[in-house]
Amino acid sequence: MEHLDVLIVGAGLSGIGAAYRIQTRCPDRTYAVLEGREALGGTWDLFRYPGVRSDSDMFTLGFPFHPWKAAKAIADGPSILDYLHETASTYGIDKHIRFGQRVVRASWSSADALWTVETADAAYTCSFLYVCSGYYDYDSGYVVDFDGKNDFQGRIVHPQHWPDQLDYAGQRVVVIGSGATAVTLVPAMAGTAEHVTMLQRSPSYVASRPAHDALSDRMRAVLPENLAHRLIRGKNVVASTAIYNAFRKWPAHAAWLLNSAVAKQLPESIPVDPHFTPRYKPWDQRLCLVPDADLFKALHNGSASVVTDEIDRFTPTGLRLRSGRELEADLVVTATGLRMVALGNIQVTVDERPVAPHDTFVYKGMMLSGVPNLAWCIGYTNNSWTLRSDLTSQYVCRLLNHLTATGTRVCLPEVDPSEYDAPPRPVVDLSSGYIRRAAQILPRQGTQGPWRLRQNYPRDLITLRYNRVDDGVMQFS
Ligand SMILES: Cc1cc2nc3c(=O)[nH]c(=O)nc-3n(C[C@H](O)[C@H](O)[C@H](O)COP(=O)(O)OP(=O)(O)OC[C@H]3O[C@@H](n4cnc5c(N)ncnc54)[C@H](O)[C@@H]3O)c2cc1C
C-alpha cells in the first residue's frame with residue numbers, strides 16, 4: 001500500500017491552498033491530493049448555471065499567496081476556475097492530484113499511528129489526513145418533493161445539475177428560491193427568457209455592490225502587484241468584519257438600512273414589504289449580493305418579477321400557489337439549496353470504532369474531539385471562505401512541524417466532558433434551511449476555548465498563527 005505523510009482529500013479551493021501550504025511549510029513531508037471527480041476546482045467546476053459567480057470579493061476569496069489579477073472583484077465562475085487551474089499549475093500542485101479517487105473510508109490505527117484511506121479502487125496509508133471536501137453533497141442538491149411534479153409538462157432543473165446547452169430562449173421561467181443562487185440566476189436568465197419569475201416562500205436580505213472595486217483598481221494601477229494585493233485584502237477584511245459586527249450588534253438598524261437601500265432600487269410595482277423584508281435578523285443567514293444592481297435592473301425593465309407565496313402543487317402548465325394564483329412556466333429551476341455533508345461522506349473509524357461527526361466537538365474549527373491526526377477544512381460563512389480555510393492550512397502545517405520537532409507522531413484533541421452538558425450547537429451557526437437540515441450530521445461546537453467558533457478573522461489570525469500549538473488541550477504522543 002502506498003504511503004504518503006499527508007493525504008489531502010479534495011482539489012477545490014481549499015485543497016489547492018492546503019497543498020501549497022504543505023509543500024512550502026512542510027517541504028520534507030510527502031503528500032498527495034485525492035480528488036473524487038475528474039477535474040479540479042470543486043464548487044467552481046461543478047456549478048455551471050447561467051451567471052454563476054462569487055458573492056464575496058476575489059481579493060479575499062483568492063489565495064493570499066497568488067494575487068487575483070482579473071478586472072472584476074466579484075467574478076464569474078469560469079474566471080475563478082481559470083484562477084484555480086493557474087494556481088495549481090504555477091506551484092506544481094497539479095502533479096500531486098490523483099483524480100477519480102473518491103475517498104469512502106478512513107481507518108485510524110493507534111498501534112501503527114496511521115490512517116488507512118480507501119477509495120473505490122485503491123488504498124493508501126498516511127500519517128495525517130486533511131479533509132478539504134467542502135461542505136455539501138456533490139451527488140445531489142436538496143430536492144423538495146412538491147406535489148404534482150410528474151404532472152408538469154415543462155422541464156425541471158436543479159442548479160447543481162445544469163444541463164449543457166440548456167436552451168431557455170423565449171421561455172417562461174420560474175426560479176424557486178430566494179438565496180444566492182436564485183438572486184444570481186434571475187438576472188442572468190432574464191435577458192434571454194421570455195420572462196423570469198423569482199418565486200420565494202420568504203425573502204432574503206440582499207445588498208447591491210459594484211462588481212468592480214474602484215479603490216482597489218486605483219491601488220492596483222499605481223502600486224506593485226504584491227503590495228497592492230496585500231493592502232486590498234487588508235482593506236476588504238477590515239470592511240467586511242466591521243460591517244458584519246455592526247450588523248450583528250444593531251440588527252434593527254441594519255435591517256432598516258438594508259431595506260431602505262433595496263426600496264430605493266425597486267420599481268413602484270414591487271413593494272419592499274413583503275418581497276424583500278425577511279423574517280430573520282441580518283446575517284442569521286448569508287447576505288445575498290446583487291452586483292451592479294443587476295437583479296433590480298431586470299425587475300425595472302420587466303424581464304423579471306418576484307412573487308412571494310407558497311407552492312401548493314405543480315400543474316401540467318406550471319405551479320399553483322397557496323393564494324390560488326397560477327404561474328405558467330416552460331422551465332422551473334429549483335434553487336432550493338444544497339445538501340450538507342460532513343467530512344466528504346467518508347466513513348471514519350478510530351481503532352475500529354465508527355466516528356459519528358455529530359457526537360464530536362470541533363477543536364479550533366478544524367479537528368474533531370477523539371479523532372487523532374485528522375483535520376477538516378471549513379471556511380467562513382460570514383466572510384470569504386478562503387480567509388479561514390487558509391488559516392486552517394497554515395495551522396495544520398504548524399501542527400505537523402510541531403510533531404516533527406518533538407519527535408511525536410500523534411496529536412489528539414480531547415474535549416472536557418462538561419461540554420456535553422450544554423445544548424448542542426452545530427459547527428456552522430446560521431439559520432439557513434440547508435444548515436438547519438444538517439444539524440444532526442455536523443460536528444458540534446462547544447462553549448469555550450478552542451471548542452468555540454467565533455467567525456472572526458482578525459481573532460483567528462492571531463490565535464491560529466501565534467498561540468501555542470501545545471495548548472494543554474491537544475495531547476501529543
Ligand atoms: C454557487 C456557489 C457560490 C459560492 N460563492 C462563494 C463566495 O463568493 N464566497 C465564499 O466565501 N464562498 C462561496 N461559496 C462557498 C464555496 O463552496 C467556497 O467558497 C469554496 O469554493 C469551497 O472550497 P472547498 O475546496 O473547501 O470545497 P469545494 O469547492 O466543495 O471542493 C471540495 C472538493 O472535494 C472533493 N471531495 C469531496 N468529498 C470527497 C471525497 N470523499 N473524496 C475525494 N474528493 C472529495 C470534491 O469533489 C471537490 O472537488 C460558494 C458556494 C457555491 C455552491
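Lys and Arg are counted here as positive and Asp and Glu as negative, while His and the chain ends are left uncounted; the place of a charge is NZ of Lys, CZ of Arg, CG of Asp or CD of Glu. On this basis, the mean positions of the 48 positive and 49 negative charges of the protein chain lie 6 Å apart.

The model is predicted, and local features need pLDDT of at least 70, side-chain atom pairs count only at pLDDT 80 or more, and totals for chains, interfaces and linings use all residues. Residues are numbered from 1 along each chain as its sequence is written, and side-chain values use heavy atoms, with hydrogens and water left out.

The protein chain holds 13 helices and 23 strands, which are DSSP runs (H or I, at least four residues, for helices; E, at least two, for strands) numbered from the N terminus. Its C-alpha trace spans about 70 × 55 × 45 Å along the principal axes. Of its 477 residues, 54% are buried, that is, under 20% relative accessible area with a 1.4 Å probe, protein chains only.

Strand S6 (residues 123-131) offers a local view: eight of its nine residues are buried, so the strand is largely enclosed by the rest of the structure. Strands pair if DSSP finds at least two bridges between them. Strand S1 (residues 2-9) runs parallel to S6, joined by seven bridges, with Leu7 opposite Leu129. Strand S5 (residues 114-119) pairs with S6 in the antiparallel sense over four bridges; Thr116 has Thr125 as its bridge partner, and a hairpin of three residues links S5 to S6. Strand S21 (residues 374-376) pairs with S6 in the parallel sense over three bridges, where Tyr130 stands opposite Ala375.

Note on methods. Buried means under 20% relative accessible area, exposed over 50%, partly exposed in between (1.4 Å probe, protein chains only).
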